[in-house]
Structures are given as C-alpha cells and as structure tokens.
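Thanks for coming, everyone. I would like to walk you through two places in one structure today, so please have the sequence and the 3D view ready.

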Amino acid sequence: MTSPHDDPRFDWQAAEADLHDPGGPDADVVDLDDARARRAAPRPRPAGDTHFDLPLDESPQRGGMLVDPPPVAASGRRPVVPVGWSTWPNIRHSARLAAELAAYRAAFHTVRAPWYATQAAFWATVGAFRLTGRQLRWWWVAEQTGLRQAAADAGDAQTWHKLHREVKHTRAWRGLVLTAEAVTLAVGGPLAWTLAPWWALTAGAGLAVAYLAHVGRPNDRPIITPATVAGRFRRVNPDIILRAYYAAGLGHPDRAHQRVEFGSTMARDASGTGSQVSIDLPYGKTFDDAVKARGGIASGLDVAVSQVFITRDASSHRRHTLWVADRDPLAAGAGRTPLLRCKPTDIWQPAPFGLDERGNKVAVDLLWNSILIGAQPRQGKTFAARLLALYAALDPYVKLTVFDGGGKPDWRKFALVADRCAFGLAMTRDGDPAEIVVEALREIKADVQDRYERLSALPPEVCPEGKLTREIARDPKYRMPVRLVILDEFQEYFDLGEVSKEIASLLVYLVKVAPAAGVGFVDATQRPSGVGAGQVAQQFISFRDNHQVRFALRTGSWQVSDLVLGSGAYSEGHDSSTLLPTYKGVGILRGATDHTPTVRTYLADQEDAEKILHAARKLREAAGTLTGMAAGEDVTREPRDVLADVRAVFEPKEPGLHWEHVAARLAERMPEHYAEISPDAISAQLRALDVPSVGIKVRGVNRNGCRLTDLDRVIDHRRSA
C-alpha cells in the first residue's frame, strides 16, 4: 500500500496547521464543517499537492454525536449554577481547592520575592536608559532622516527644504515638552520626597520600578515566573487520524470501499485528558485488525503506544472507539492509598484499587469474587495483592488467611491480624508451612460445606434466597463471617511433591465453590503457565482459570498475558506485554466491570502497610474479632502416627486391605487429619516407612495394598529400636 508520506494528495501543511491550531474558546470539540471551510479557503501550496478529498460529514452518519455526551441536560441547557458550586459539599470542596491553589501560589512567589526584586532593579536601570534613548529619538524625529536623504539623492531641493523646515519645527516643540518633563522631575521629585506620605512614595516608587523594568527587560525574559504551567498537547484532528489509519494499512483513500470513515464527530472526552472519535473501518476489516495495528496507528498519530486506546463497539465488528490521550496517562502514579486514613472499611463495598487511564477511580469487589494477579517479577504484583488485603484487614469482621509461598517480607506483618498465616516453605516455630496450609484449607472447606447447610436451614426472613447477608456475616451467633484467603506465589504450593495433591484438590474445590459462601480469594503468581505435568498440573490450570476477576501487570508475551487475563483477552485488545517496563503497579483489570481499564494501582509500601495493620489490629481488638494465630492460639498440627492410625482401621481377622479401603476408612474415622487423603498418598507414606505395597486379594478382588503382618513387623521393629 502507498504510504501517506508518498501520497501527493495529503496536505502536510494543512495537517501541521491544524495540529498546532490553538482553537479558541471551543477548541474542545473539533467542528468538521468549520474545518472544511478553512481548508477550502485559497492558500498557497506546492504544485500537485492536494488534500484528502473525502466527505467527512457530508451526510448524517450513524452515531453522529460525540462519543461521550456533553455534560448538559437533555434540553441542551447548561446548568445555571455550575456543578462545583451547586451544593454545600461541592462549594466547600471548590473553596478548599481554590484556597489551596492560592496558598501555593503565594508561598511560591514569596520564596522568590528577593530574586524578583533583584531582577526588577536591574531591568529598571536598563529601562531608564532605554526610555531616555526613546525620548531622544522622539525629539530628534529620527524617522524622517531617511526621507530627507532620499530627497537629497534625487536632487529634489524643494522637497528637502520642506522636510527640513518641518523637522526644525517638530524638534522645537518636542524640545519644549522634554524640557517641561525635566523641570517637573527636578522640582516635583524633591517636593514629593518632602511632602508626600511614606505609603504614597512607596507606591510611586514601586510603580516606577515596575514600569521601567517592563520597558527594560527582553520580551522572552519575564521577571515573575508562573507558579503553575498549563500542559501542552498535540491536537488530533480527522486528517491526522486518516493519515494514521492509512499508514497502518487499515484502508486506502483511492478505493471507494477501502476508506476509513467516522461514526461520530471528533470530541474531547469528558475528563478533558484526550480526544476520541468513533471509527468505521472498511468492510472486511475488523476490530482485531485495529488492535494488531495499534502500534502503527500510534506511529501515524506521532504519539506513544501507551496514549492510544481502542475500545470495541458492540453495534458492529468493524466499528470501534479511538481515544488518544494528550500525554502518557500511565507515566504518573496514582498516589498513596486512601487506606492510610486507617478508618474502618466494609468488605461489602468495593475496595479502592487505583486510577484508570482517564484518571477515574477504580474499585474492586472482594465479596463473591476470586481475583487472580499475575506479572513478571518486580512489576508490583505483590503490592497490588497486598493493597486488597489491607482493605479487608481494616474491616474487623473479615477473617483473613494469608499464605506467601515465596516467604517475602511483604506479608510478614499480616500476622498481626490473620487467623491463619504461613510464609515461605521452611520450618518455623509455628510448624511446617505446608502443613499449616493444608490444615487451614481443610478447615475452610469444612466451614464452606457447613455454611451451605446452615444457610439453607435459616428462615427466609433472616436469609432471603438462602444467601449470606451483611447482617448474618456480622452477627457472631451465626458464625459465618466473610473470609478472605490471600495466596502469594501460589505456584509454590503446587510443587511440593505428595502434599501438593491435597493442596491442589482443596484449592480447586474452594475457588469454584467458596466465593458464593462469602469466602473470597486473592491469588498472585509470577508463573501463570503452570507447574510440571500430571494431575497437579491439570489442577493448577483449573485453579487459575476459575478466577472471575483478573489483573495482569507487565508480562513477557501476549500468550502469558492471555493466561492471566483469560482466553480471548488478546483478541479484545488487551495485552499486558505492551506495558512499558518503567511502569510499576500498572496493569490491565479484566472482569471487575464491563469495562477493561488499564489501572495505576495506589501505593502502600512496607511502612504504610505496617501502619494500616496496626490500626486494623486495634479495630479487631475493639470489636472482639481477633482470632487464630493473631490472637495467640496454638494452631500447630498435632503430630500423627501414620502406622498406628492405619493399624487402627484394620478389623479383626483382616489379613490385608487395599489402599482404597485404607484411605476411605482413615477419612471416615479421622476426618480432621485424613479428610482428603488419597490411596496414592497413604501408599507413599507407608512405603516411606518400609511397609511394602503388595497385591492383596480381598473378596475375590486382587489389588495393591498392605498386609497386616508387614504393618505389625514395622511397628515392632520401631518399638525395639
């Protein structure tokens, strides 16, 4: 396809003029009719240089309005009283912002006042000499010198004498004016110094210095610098958009059925941070083509890729909304978390998470959801997960379970509030972290199953539709508080050998069933592709894919991005691998709402988290909801004698049992320890203790199991040792 750079019909001068056109008072909306009229006006142009001769809005287009409606009533009238001054809260807010801005400007200029005075004195001195020179040139009528010289060169004596007489008369009366000025200054100055009050002298001197400094300073050297600077940005117009789309290969201006058209007028968005328009691609081109050409579109617009956002239009697969940010919206951080106020939160309300690309606040529902967070290392994954956990911690009625497979310092302080917590995989004073995880997940599974039973038994006036309510969750007599389970680096729990089978089975069950019972999950990983192979690997994938809300910070490729965001995210234009490595805490949030924003998460560093968690502990102590390990309870799993437990499930006169029967009897008789035990797991444990796995014939069925004689032999050997 011919590049627009080679297309002789593209008016680069017009495009550049439109690009830098300040626009005037209505520059927020580009008037296409006015733009066409201005472009139709005669202007010099190189031979053969023409404009894109395309009808932009000659006939009504579907849509035909701004992508976002303007902030006016349905009647088209703007409010008489501006929104910022319409209610007392808005008035107080507007007044506070105005006062803050005024105070900032006052402080800014006060600090620089001595430098302003020094510059004013210097330029006032220059101005005095410059003003004197102007007065002398005015008296001498220097501008007539050229006329008299021209008359002399032409030999026109009559004209020269006429000009000479005029200049003599002009110099005479102008000399009188300058003499009067000098006498006034010579006499009036001392009189004013003697008779005028101090404030008048000060005001007069200030005005004189200001005027002389204005006369003396160069035009490009202001003495007082502004405290705030209005941002500058490149103005996007329809011609530039056409150039970008054709350069990206999404159409051709010479072919009638390959032209890019507009489904709406070009407009500023409601936030005032960018320009947007609805684009109709040529027939046969799709939204997916636009997504793949996003880099080319950004190049054609001459902006960064992070400033170009393409959103699907549900009405047509060839239509989408293009939003171009004035400047990179992801480069600036969202600021510190509002949780630093340390006020109680409510898990039944969305948790503040950050700001989207347009500066709108983004919140995430922790209730009824499981949330997956994935990214490369050091991109803010743990910070994002911890931000949500801190919100839950400030609700004293939420029961927290925190497990970090990586053992990083980021989560250690959650021991102040967590009912169960384990960090890393090495043995600690609290016990084996893997065992703590297994026990906690078993307890949560039993709690979830019990909740469904008890909720179904409650009367409809207490529990409408058999669902957990805020009143039930906060009433201690029902024993059904909202629970939040946080797993960071959860891939580590799928790679622990035999114990991972039970952990994987429990996690898959809980992530599918538990959210509806008021048990949410926030799970983070840097390896969303999975672990190993076999049953545990399949359960890892099942666990990963059963999260409703997904947040992907920067990943290594679009394939990994799709693993985090869910299948089909890339085809919808969402690819976290395109995020720049300089962005920290910036990711794509999918599933939280119908919109999929790019979010800059709030910041809560280690010091902030510790402050919030200390406040959260005080809230829980005051509410009497501090439980488990945070309350000092001993939750170490009681050691079990596997040999004795298996020996106990043998009935009299049973010479042997199949592994399936051993596992079933252990789960039935000792569910607190063996609820999820599998035949393979119990077989592996006994074989590690020198109990062989042999073929056992029970009721005519021959399968692998253990003989009672082998079991007794190992027990007797241990006792005699």
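Let us start with Glu-357, which sits in the loop between strand E6 (351–355) and strand E7 (361–364). Please keep in mind throughout that this is a predicted model.

Now, what is the nearest side chain of opposite charge to Glu-357, and how far away is it? It is Arg-358, at 5.3 Å, and Glu-357, although buried, has no salt bridge. The side chain of Glu-357 does, however, reach the backbone nitrogen of Thr-598, at 2.9 Å. If we leave aside the neighbours within four places in sequence, Glu-357 is in contact with Phe-309, Trp-323, Pro-329, Leu-330, His-595, Pro-597 and Thr-598.

The second place is a sheet. Here 3 strands form an open sheet in the order E16-E18-E17, with antiparallel pairing. Strand E16 (656–658) and strand E17 (694–698) stand at the edges with a single partner strand each, and therefore one side of each has no neighbour in the sheet. On average, and ignoring direction, neighbouring strands of this sheet are turned by 60° against each other.

As a reminder for those new to this, strands of a sheet pair through backbone hydrogen bonds, either parallel or antiparallel. In our case, E16 and strand E18 (residues 701–707) pair in the antiparallel sense over 3 bridges, and His-658 stands opposite Gly-705 in E18.

Finally, there are helices to look at: helix H18 (residues 659–669) lies across E16 and E18 and runs at about 85° to E16, while helix H21 (residues 708–720), which also lies across E16 and E18, runs at about 10° to E18.

How values were computed:
Residues numbered from 1 in each chain as written. Predicted model: local features only at pLDDT ≥ 70, side-chain atom pairs only at ≥ 80, totals over all residues. Heavy atoms only, no water. Helix = DSSP H or I, 4+ residues; strand = E, 2+ residues; numbered from the N terminus. Buried < 20%, exposed > 50% of the residue type's maximum accessible area, 1.4 Å probe, protein only. Lys, Arg positive; Asp, Glu negative; His and termini not counted. Salt bridge = Lys/Arg side-chain N within 4 Å of Asp/Glu carboxyl O. Polar contact = N/O pair within 3.5 Å; in protein donor to acceptor, adjacent residues only side chain to side chain. Contact = heavy atoms within 4.5 Å. Pairing = 2+ DSSP bridges. Axes fitted to C-alpha atoms, helices over the stretch in contact; angles between N-to-C directions.
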